[in-house]
Structures are given as C-alpha cells and as structure tokens.
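This report introduces one protein structure to a reader who has not met it before. It turns to a helix, then to the meeting of two domains, and ends with a single residue in a strand.

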Amino acid sequence: METLKLDISKTGVAVSAAMQAKAQAANALLESGKGAGSDFLGWVHLPSSITPDRIEAIEKQAAKLREKAEVIICIGIGGSYLGAKAVLEAMSDSFKFLHKKRTEPVVVFAGQNISEDYTHELLEAVKEYSIATIVISKSGTTTEPAIAFRLIKAEIEKRYGKQEAAERIVAITDKARGALKTLADNEGYPTFVIPDDVGGRFSVLTPVGLLPLAAAGVDIAALVRGAQEMERATADGTPFEKNPAAVYAAVRNELYEGGKKIEILGSYEPKLQYINEWWKQLYGESEGKDGKGIFPASVTLTADLHSMGQYIQDGERTLFETIISVAEPAGKVVVEADGENLDGLNFLAGKRISEINRMAELGVQLAHVDGGVPNIRIEIPQIDAHAVGSLLYFFERACGISGYILGVNPFDQPGVEAYKKNMFALLDKPGYEEASKAIKARL
Ligand code: PA5
C-alpha cells in the first residue's frame with residue numbers, strides 16, 4: 001500500500017547527480033553506522049524490531065491506566081512529549097472536549113513548560129476526575145518534567161495512598177541512569193525503557209510515544225505497521241528516485257545551497273499542527289549546528305494565509321514550503337444552495353468542503369511558486385494511524401540523510417545545554433555557585 005507520495009516538480013530545482021550520490025551515501029551511512037553520531041542510530045531499524053509482544057505489553061499497561069483513570073497526565077518535554085502530542089492531536093476529534101458521552105480517558109500533557117498558570121489550571125481541572133500519570137524522561141533529570149512530576153506524584157499519593165500510587169504511575173526512562181530511574185525503582189513503579197541508542201526526537205515509536213498513545217486509544221499496531229512499511233521503502237539500496245526520504249533530503253539541500261534558508265512546513269488540516277511542532281524539533285535540533293542548517297518554521301492553512309501569507313508571497317526570498325496534503329477527509333460536508341444567495345456563494349453549491357480546500361491548496365501553491373517560493377508536496381491518503389506512522393518514519397529517515405548531506409552530526413544537541421546552565425545558576429542550584437555570581441552580575 002502506498003502511504004505517501006512526494007512531489008518535487010514545483011521546486012524549480014533539479015537534483016544533481018552529485019546530490020543524488022550524497023543522499024545515497026548518507027542513507028548507506030545510516031545503515032552502516034559509520035557516520036557521525038552512530039551511537040544514536042537505534043531508530044533506523046526500530047519499527048521492524050517492534051514485535052507483537054512489545055505492542056501487547058504496552059497495550060496491557062495502557063489498559064490498566066485506562067481502567068483506573070479518567071484523566072491520564074503525560075509528563076515530558078521535547079522528544080519526550082512532542083511525538084505523542086503530535087499523533088494524538090492528529091488522531092483526535094477537534095471538538096472532543098464538547099462530546100458529553102465521553103468513553104475514552106483523556107490524555108493531557110504536563111512538564112512541557114514551567115508555567116504556574118498552566119500547572120495550577122491542570123491541578124484544578126483534574127480535581128473531579130480520577131487520575132494516573134505517565135512520566136517520561138530519558139535523562140531522568142530534566143527540570144520541567146521533574147517539577148511537574150513532583151506535583152502530580154504528590155497529588156496521586158494524597159488521593160490514593162502510596163501503594164495505589166504505584167498502580168497509577170508509570171515511568172519511561174533510561175534502563176539504569178537518572179533520578180527518575182532511581183525514584184521509580186524505589187517506589188516500585190512499572191517502567192518502560194528508552195533505548196540508549198534512540199535520541200529523544202527520534203523516540204516516538206518507542207514506549208515514549210506508544211504508551212501515551214495506547215492510553216488514549218490510538219491503534220499503535222497500525223502506527224507501527226505504517227512506520228515499518230516506510231522503513232522498507234527507504235532502506236539502503238533503494239534506487240534514489242524510489243526512495244522518498246532520499247529525494248526529500250536531497251531536494252531540500254539543493255534548495256538550501258541555492259539560498260533557501262527557511263523551510264515552512266504546512267498543512268490544510270489543522271489537526272496536523274503538532275506534527276509541524278514535532279517536525280520542527282526533529283529538524284531544528286538535528287541540523288541547526290556548526291553555524292549551518294535550514295531553519296524549520298510552520299504554518300497551518302488556510303488560517304495562516306491571513307497572517308503569514310503576505311510575507312510568504314512577498315517577503316525575503318529565502319523560503320521554501322513543504323505541504324502535507326491529505327487526499328481523503330474522514331467526514332463529509334457539502335455546501336448547500338441558498339435561494340437568496342445573499343453571500344454570493346452559490347457557485348460553491350454541491351461542492352464538498354474538501355474540494356474547496358483542495359482548490360485553495362492548489363491556488364496557493366501556484367501563487368507561492370510564482371512568488372519565488374519553491375513547493376514540495378507530500379500527500380498522505382488520509383489521517384489515520386497507519387499513514388501517520390509512515391509519515392513519522394519518512395521524516396526521521398529523511399532527517400538522518402539530510403543531516404549527513406549537510407555535514408553535521410544529526411544526532412546530538414549540544415546547543416540545548418546553554419540555557420540550562422544559566423537557569424540553574426540563577427536558581428542557585430548546588431554546584432553552580434561561581435556561575436551564579438557571574439550571571440547575577442550580568443543582570
Ligand atoms: O531530543 C532531545 O534530546 C530533547 O528534546 C529531549 O527529548 C528533551 O530535552 C527531554 O529530555 P529528557 O527525555 O531527558 O527529559
């Protein structure tokens with residue numbers, strides 16, 4: 001089953017033989033493990049390594065949480081948050097909060113910010129519901145989720161007692177290291193391991209993404225199947241033109257070398273908004289280093305045509321666009337004819353909303369191309385777990401290839417440490433005494 005179609009015909013560039021060769025070599029490096037950051041290539045064959053037993057173990061744990069809690073609070077940040085959030089938003093009814101006869105537990109997120117208002121509102125909102133939590137941190141030491149977990153843990157223990165808390169708290173962390181692992185072992189929480197060789201932003205198909213998604217009722221077996229198919233479709237040895245990940249990686253590097261420094265990912269389906277956010281982390285953290293890298297930005301359309309549209313059409317010509325297009329909507333709404341036609345919209349009568357959306361997409365594509373914004377189009381058949389699984393792996397594989405073409409280590413993130421050092425110094429964390437004095441003098 002073809003789950004994804006890539007169209008680069010409106011990019012205005014041809015992928016050179018040299019760039020094709022670089023993409024093929026980069027893809028081979030992902031398999032051989034001889035490239036930079038090779039300790040973090042566990043994601044490459046992750047989909048095909050997921051056995052039915054592993055899915056079953058995750059679904060079993062999810063079922064326990066679903067039985068106990070009306071609200072499951074998923075705690076994590078960055079790669080320990082965005083994958084689950086992105087897939088869950090994509091899979092969810094946009095108006096689920098209005099549905100009175102709710103049968104599924106609601107999965108909400110915490111620890112992805114340090115906002116007191118957000119935390120307060122969350123603690124207030126869950127007061128009348130039974131709760132459980134999934135706490136996710138690979139390092140086990142990240143400040144934002146650690147603070148949220150301290151609060152949620154206390155709330156769970158206060159309500160249910162320590163023994164029952166161990167039935168309502170699941171930890172996903174490193175197999176041996178970090179404060180969360182120590183805490184989980186001491187308290188007897190069920191745990192799932194984030195493999196050493198899978199970095200946060202590539203971890204959506206580990207329990208990091210799969211457990212919260214299963215807890216929310218997403219068909220994780222279908223998600224994984226979609227990823228497995230894409231793993232096969234992008235394997236080393238696949239001819240360049242048949243490998244969508246290699247083609248996408250190559251064309252974006254051609255564009256970058258031609259002066260297009262910003263890639264805007266967009267979609268005409270608002271449910272995919274957090275796929276944009278997940279993608280921004282994936283590409284931003286993987287490629288933005290050594291003074292290089294395409295800046296990943298995003299829009300949700302058609303809404304952002306009424307805010308960002310002007311810039312995209314007419315601003316600095318350093319942009320290109322990648323559009324995720326969905327072939328078939330799940331629901332059907334048709335515009336009806338109106339006897340008076342006061343709004344002048346009868347020319348749309350009988351048309352599905354999706355036809356109008358499609359014409360908006362095609363019209364915008366040509367307008368932007370005419371305005372000097374190259375367009376890459378990725379079409380998925382529909383928004384379901386299978387297609388989304390395939391899309392996620394496609395982007396991961398392309399990211400690995402693209403990072404190697406660019407000549408960076410796509411699997412580290414030294415730049416994210418700088419703010420943490422400053423924050424700890426400002427908060428007088430033990431061990432930061434000198435840094436603390438120095439930074440306070442600068443304020
Ligand atoms: O991709 C990454 O490595 C980061 O975004 C991490 O996922 C993020 O900082 C959270 O880290 P941890 O899972 O260790 O709490």
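A residue is called buried here when its relative accessible area is under 20%. In this predicted model, helix 15, which spans residues 417-426, has Met-423, Phe-424 and Ala-425 as its buried residues. These buried residues of helix 15 pack against two other helices, namely helix 6 (143-168) and helix 16 (433-441). Just after helix 15 comes Asp-428, whose phi is positive, at about 55°.

**The two domains**

According to the domain assignment, the protein holds domain 1, made of the segments 3-35 and 222-404, and domain 2, which covers 45-220. The centres of domain 1 and domain 2, taken over C-alpha atoms, are separated by 29 Å. How much area do domain 1 and domain 2 bury between them? The value is about 2,400 Å², and 64% of it lies on carbon and sulfur atoms. On the side of domain 1, the residues that lose the most area to domain 2 are Val-224, Lys-271 and Tyr-274, which together account for 25% of what that side buries.

The table gathers the counts for this interface.

| Item between domain 1 and domain 2 | Value |
|---|---|
| Residues of domain 1 in contact with domain 2 | 26 residues |
| Residues of domain 2 in contact with domain 1 | 29 residues |
| Salt bridges | one salt bridge |
| Residue pairs in polar contact (both at pLDDT 80 or more) | 14 residue pairs |

At least two residues of the side of domain 1 that touches domain 2 are supplied by each of helix 9 (220-233), helix 11 (273-287) and helix 14 (385-406). Of that side, the largest share comes from helix 11, with eight residues. Sorted by class, the side of domain 1 that touches domain 2 consists of 15 nonpolar, three polar and eight charged residues.

A salt bridge joins Glu-285 and Arg-201, with the closest N and O atoms 3.0 Å apart.

**A glutamate in strand 7**

Strand 7, which runs over residues 262-267, contains Glu-263. Is Glu-263 buried or exposed? Glu-263 counts as buried because its relative accessibility is 0%. Its side chain makes a polar contact with the side chain of Thr-322, at 2.6 Å. Leaving aside residues up to four places away in sequence, Glu-263 touches a set of residues that includes the aromatic-named Tyr-248, Trp-279, Phe-295 and Phe-320, and also Arg-252, Ile-294, Pro-296, Ala-297 and Thr-322.

Note on methods: Residues numbered from 1 in each chain as written. Predicted model: local features only at pLDDT ≥ 70, side-chain atom pairs only at ≥ 80, totals over all residues. Heavy atoms only, no water. Domains from an automatic or database assignment. Contact = heavy atoms within 4.5 Å. Buried area = accessible area lost by both parts, 1.4 Å probe. Salt bridge = Lys/Arg side-chain N within 4 Å of Asp/Glu carboxyl O. Polar contact = N/O pair within 3.5 Å; in protein donor to acceptor, adjacent residues only side chain to side chain. Helix = DSSP H or I, 4+ residues; strand = E, 2+ residues; numbered from the N terminus. Nonpolar A, V, L, I, M, F, W, Y, C, P; charged D, E, K, R; others polar. Buried < 20%, exposed > 50% of the residue type's maximum accessible area, 1.4 Å probe, protein only.
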